Amino acid sequence: MPFRFRGCFAIPRGWSLQHQFPHSSSIPLNFSSLPHASSSPHSLLLHNFLPWLENKASSTISSSLSIANSSYGKSLFASKTIQTGDCILQVPYTVHITADNLPPEIRYLIGEDVGNIAKLAIVLLIHKKLGQGSEWYPYISCLPLQDEMHNTIFWNESELEMIRQSSVYQETIYQKFQIEKDFLALRPVFESFCQSLGDFTCKDFMHACTLVGSRAWGSTNGLSLIPFADFLNHDGISEAIVMSDDDNQCSEVIADRDYVPGEQVLIRYGKFSNATLMLDFGFTIPYNIYDQVQIQFDIPKHDPLRDMKLELLQRYFAPPTKDVKGLKCSVNSFTINSSGKLFDMNWFSILFLINIGEVKSARGKGKGVPQSLRALARVLSCTTSQELYHLVVEAAQTDGRLARCPLQHTDNEIQAHKMLSSLFIQLIEERNATIMSLDSCDSSSLYESLPVRRQMARDLLHGELRILKSASTWLENYCFSLT
């Protein structure tokens, strides 16, 4: 299932709690009063959550954090002064929720082709059905409801139209399809236990899968939900992460900066773009330094060199089959990341990821548009078999990579890069038009969407627009430098 969950990092031997992190600037946050200030049942549940978990773990999990509601949902706040290098929480493996929590009689019925996300989703569904009779009730009851989640898989058709220009649109459709496919495969298991646990719908399963995909951490020990730690919210510039301490059999977080009491404590889930954040986690960042854009090329069916170009792309861009397993793939496409590695191929569309950090020089020199993308453009712009043959010979005489050197004829080199430039200009115009419609109050279809989702669409498109403009400027200056 195509979720990019958070990663746990192993703690290196010799790690010191006084390890110093680069300073991370504070982010202004809106948050409610701490739990003890309210006597509502829900606030009491939050207030009692940590004592319950510590009792279950038979150990202290945190003496410096407390749970409260913020504008981001349930969050963790400093309950006392925290200094850089402090260990702010330790959650023993014994209170992690993994696929091993599946009842044996259910685990036996699940095929090996079912992934850990789906298995963990079943665990959540079972304990949700058990209600207060579940040993995990205090945790399950704190998880967000579907109406509180903004992952694109829950967007309606008019809301998805806001991001049609982005690859997130197709990835959302694909993710939904995969979850529905897994549900159908698991339906016999659900039906076998419907009398004791009740009936699970596809909507229930989708909600549970999204909870797992947005909250679970992956590590060498597999995929797990880590109660309390998963209330920590994301800050893209934070250096704090959840780490696995196998020696002490726990997951822990080390503060990367100082916190004053009442300040929300943040970590980094990963170096994720807004496309990933909104698809898998249900939020975006206004200015995301890890933003990416997927660029799609189509080889025209009438291109007489189409078969030859496809063969070269498979030979020079495709990794061995064994390297593809487990990596992200797209529907009816193959994706090449910024290092030029191919992930998967079907049909004849070509998708390329550009990272904003790689388009640094506006003068057409230095580290600009990724070499892999430029190489791809050189291959696709060839008009004769002799030109393609020359690229193969050149690759054999150099480092084995295809079309990494400028084309022999300057006009052809310019033409290849202008092909990229024209595509970028088209994508810029499309995103500009969509952003203008989002900012307009005249579009009746937008009234159906939630304001937070309109803002997420803006954040996504503005980030992609920023990348495309920087890449377009680089290409324009590069072509000018060749004249």
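Is A403 buried or exposed? A403 is buried, with a relative accessible area of 0%. The legends below describe this residue and other sites in a predicted model.

**Figure 1. Two residues other than glycine, A403 and S58, have positive phi values.** Most residues other than glycine have a negative phi. A403 has a phi near 60° and is placed in the loop between helix 13 (385-397) and helix 14 (410-439). S58 has a phi near 55° and belongs to the loop between helix 1 (41-57) and strand 3 (65-70). The two loop residues also illustrate two kinds of surroundings: A403 is buried, at 0% relative accessible area, whereas S58 is exposed, at 67%.

**Figure 2. The largest nonpolar core contains 72 residues.** In soluble globular proteins, nonpolar side chains tend to be buried together. Within this core, the residues that touch the most other members are F49, L89, I122, L186, F205 and F228. Helix 3 (residues 116-130) supplies the largest share of the core, with 9 residues. Another core, of 52 residues, lies apart from the largest one, and Y169, M278, L310 and L438 are among its members.

**Figure 3. L89 and the residues that it touches.** When residues up to four places away in sequence are not counted, L89 touches I61, S62, L65 and L76. Under that same condition, its contacts also include F228, A229 and L232, as well as S251, E252 and V253. L89 and F228 are both among the residues with the most contacts to other members of the largest core.

**Figure 4. Strand 10 (residues 250-254) is largely enclosed by the rest of the structure, because 5 of its 5 residues are buried.** In a regular strand the side chains alternate between the two faces of the sheet. In strand 10, C250, E252 and I254 point one way, while S251 and V253 point the other way. The residues on both sides are buried.

**Figure 5. Strand 10 pairs with strand 5 and with strand 9.** Strand 5 (residues 87-92) is antiparallel to strand 10, and the pairing comprises 5 bridges. Within this pair, C87 of strand 5 faces I254 of strand 10. Strand 9 (residues 242-245) is also antiparallel to strand 10, and 4 bridges join these two strands. Here M243 has E252 as its bridge partner. Strand 9 and strand 10 form a hairpin with 4 residues between the strands, and in this hairpin Q249 has a positive phi near 55°.

**Figure 6. A polar contact joins the side chains of S167 and Q294.** The contact spans 3.3 Å. S167 lies in helix 6 (residues 167-192). With a relative accessible area of 16%, S167 is buried.

**Figure 7. The cysteines of the model form 0 disulfides.** A disulfide is a covalent bond between the sulfur atoms of two cysteines. How far from C202 is the nearest cysteine sulfur? The nearest one, that of C209, is 8.8 Å away. C202 is in no disulfide, because a pair of cysteine sulfur atoms must lie within 2.5 Å to count as one. C202 is partly exposed, at 23% relative accessible area. C382, in turn, counts as buried, at 6% relative accessibility.

Note on methods
Residues are numbered from 1 along each chain as its sequence is written. This is a predicted model: local features need pLDDT of at least 70, side-chain atom pairs count only at pLDDT 80 or more; totals for chains, interfaces and linings use all residues. Side-chain values use heavy atoms; hydrogens and water are left out. A nonpolar core is a set of buried Ala, Val, Leu, Ile, Met, Phe, Trp, Tyr and Cys residues joined through side-chain atoms within 4.5 Å. Buried means under 20% relative accessible area, exposed over 50%, partly exposed in between (1.4 Å probe, protein chains only). Contact means heavy atoms within 4.5 Å. A polar contact is a pair of N or O atoms within 3.5 Å; within protein, one must be able to donate a hydrogen and the other to accept it, and residues adjacent in sequence count only if both atoms are side-chain atoms. Two strands pair if DSSP finds at least two bridges between them.
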